[in-house]
Amino acid sequence: MTETLTDDDTRYRAVDSRDSRFDGVFFTAVSSTGIYCRPSCPAVTPKRVNCTFYPTAAAAQGAGYRACRRCRPDSVPGSPEWNHRADLVGRAMRLIGDGVVDREGVSGLAQRLGYSSRQVQRQLTAELGAGPIALARAQRAQTARLLLQTTALPVTEIAFAAGFSSVRQFNDTVREVYDRTPSGLRAETNGHRKGTATPGSIGLRLAYRGALDSDHLLDFLALRAVPGVEEVVPGAAPGVRTYRRTLALPYGHAIAEVDGLAAGDPAHRGWLDCRLQLTDLRDLTTAVHRLRALFDLDADPDAVDGQLGADPLLGDLVRARPGVRSPGHVDPHELAVRAVLGQQITVAAARTLAARLSERYGVALPEPSGGLRLLFPVAGALAEADSADLAMPDARRRALRGLCAALAEGTVRLDGGVDREAAAADLLALPGIGPWTVGYLRMRALADPDVFLPSDVGVKHGLQRLGHPGDPRAAALAGAAWAPWRSYAVHRLWASLTPVAGAKVDDVSEGVRA
């Protein structure tokens, strides 16, 4: 989609048509009003001569523009570029979204990326019009607005929870970005603030673009849900299912709930309802970022479905289920452990083993919440796990311990700032870690949209159901036509084997695991 925005005249046409597909891809600053908007803003289209286009909200803010109070450009989905770009800028944006600059500063960001602070600053400013501090500041402003308008917390607490170093800095930023004082921003929702299902929780909307098949996401997560750590349950509204899980975060832990769409909700509704219970509000930005990655909410489904839908083999699947996403994960270390646990066994067996390890080595919540009682074990604890608790063949036990030790020591990294090729090479160098596991981790932990698993049993069965040979060579040849969206093709093949939403889900293949 971003490739179609070759010049400002093209961007202006997108603004004139109020095309929501480009929300988050660029922002329109209007010199006659001093505000910046998302492309789909419902206000009267400004004159072309008054429009300047910026790649980020931070760049527009840095140029002196404030956020439109009508279209809330700070709350759009993230640019789909950060899903698939593997260069320095893409990796930096994923880390900034996870709150690394707030926690570790620009030097910490640069160290994770393997560049100097000056190089990171120069690259981000040249391409995005804003450096890492400005990008993090824009993110803090959005967090502050969310807390002001969804909680009754004192303004002072919100300032530090949003990541500001002082109340004065918080006040100045809110005035600059929103043209309101913090109390004035809060007053906009007084009297009609939505209640939340659980006292102490923060209710918010997770925005997305295009169509979203939430049944696919919830089916996928329900099949793999580790008891005590995550669950998919009936939601509060009729016909709604809710995904719930515990989150281990930098400052504490959280319980997250995300509602799927009801049967009558349009796939293009534009948001999923979410509730978060945080032990430390400083984790809000990180929690939201990780849930967005889990549900793949920054994707560009029009680009993905447009290409895959034109394919003779996959076209019918795409037309039957628009908006299938490629789920990520909230914790790459947890996913890596579960991928190894799932080698050569069924989904149910892997889930049972993960639940057993969580009971033995996970951290118990102070108070259970429904079926949630545990945080998934950290890699260091599993590296030292008793052999009696690792009911698996010796080779896989050694692979699990070696992986967990490497993750705990930092010799293997799976965070959003790593180079995917380097991470894959490091994983393959570990004993017992093969191409399937590496590919699966690239697809989910590293948000790589172009991973294909030609030897996967689920891929084989999916292709055979479509009347195509399922052997690895034939699968790889078919998959070549689906680049750069082969991860989505894999999920479509897997989804074609899954029962309808809400039905009892059994193991559909050995390959659909972890």
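Here is a walk through the structure, from the whole chain down to a few individual residues. Keep in mind that this is a predicted model.

Let's start with the overall picture. The protein chain folds into 23 helices and eleven strands. Its radius of gyration is 23 Å, close to the 24 Å that the globule rule gives for 514 residues, so the chain is as compact as a globular protein of that length. Along the principal axes, the C-alpha atoms fill a box of roughly 65 × 50 × 50 Å. Of the 514 residues, 56% are buried. If you look at contacts with a separation of 6 or more, 68% of them come from residues 24 or more positions apart.

Now for the outside and the charges. The accessible surface comes to about 20600 Å², and carbon and sulfur atoms account for 52% of that. There are 61 positive and 57 negative side chains, and the centres of these two sets sit 3 Å apart.

Next, head to the N-terminal end and pick out helix 1, which spans residues 8-16. At its start, a side-chain oxygen of Asp7 comes to within 3.2 Å of the backbone nitrogen of Asp9. Thr10, Arg11, Tyr12, Ala14 and Val15 are the buried residues here, and their cover includes strand 1 (27-30) and strand 3 (51-54). After the helix comes Arg18, with a positive phi near 55 degrees.

Moving along the chain, stop at Asp98, in the loop between helix 4 (88-97) and helix 5 (100-113). With a relative accessible area of 12%, Asp98 falls under the 20% cut-off and therefore counts as buried. What does the side chain of Asp98 make a polar contact with? Its partner is the side chain of Arg290, at 2.9 Å. Leaving aside residues up to four places away in sequence, Asp98 touches Arg290 along with Arg103, Thr286 and His289.

Last stop: Val229, another loop residue, found between helix 11 (214-224) and strand 6 (230-234). Is Val229 buried or exposed? Its relative accessibility is 0%, so Val229 counts as buried. Again setting aside residues up to four places away in sequence, Val229 touches Arg244, Arg245 and Thr246, as well as Ser358, Leu372, Leu374 and Phe376. Glu359 is worth finding too: Val229 and Glu359 are 130 residues apart in sequence, yet their C-alpha atoms are 9.5 Å apart in space.

Conventions:
Residues numbered from 1 in each chain as written. Predicted model: local features only at pLDDT ≥ 70, side-chain atom pairs only at ≥ 80, totals over all residues. Heavy atoms only, no water. Helix = DSSP H or I, 4+ residues; strand = E, 2+ residues; numbered from the N terminus. Buried < 20%, exposed > 50% of the residue type's maximum accessible area, 1.4 Å probe, protein only. Contact = heavy atoms within 4.5 Å. Polar contact = N/O pair within 3.5 Å; in protein donor to acceptor, adjacent residues only side chain to side chain. Rg over C-alpha atoms; globule rule 2.2 N^0.38 Å. Areas by Shrake-Rupley, 256 points an atom, 1.4 Å probe, with all protein chains shown as cover. Lys, Arg positive; Asp, Glu negative; His and termini not counted. Charge placed at Lys NZ, Arg CZ, Asp CG, Glu CD.
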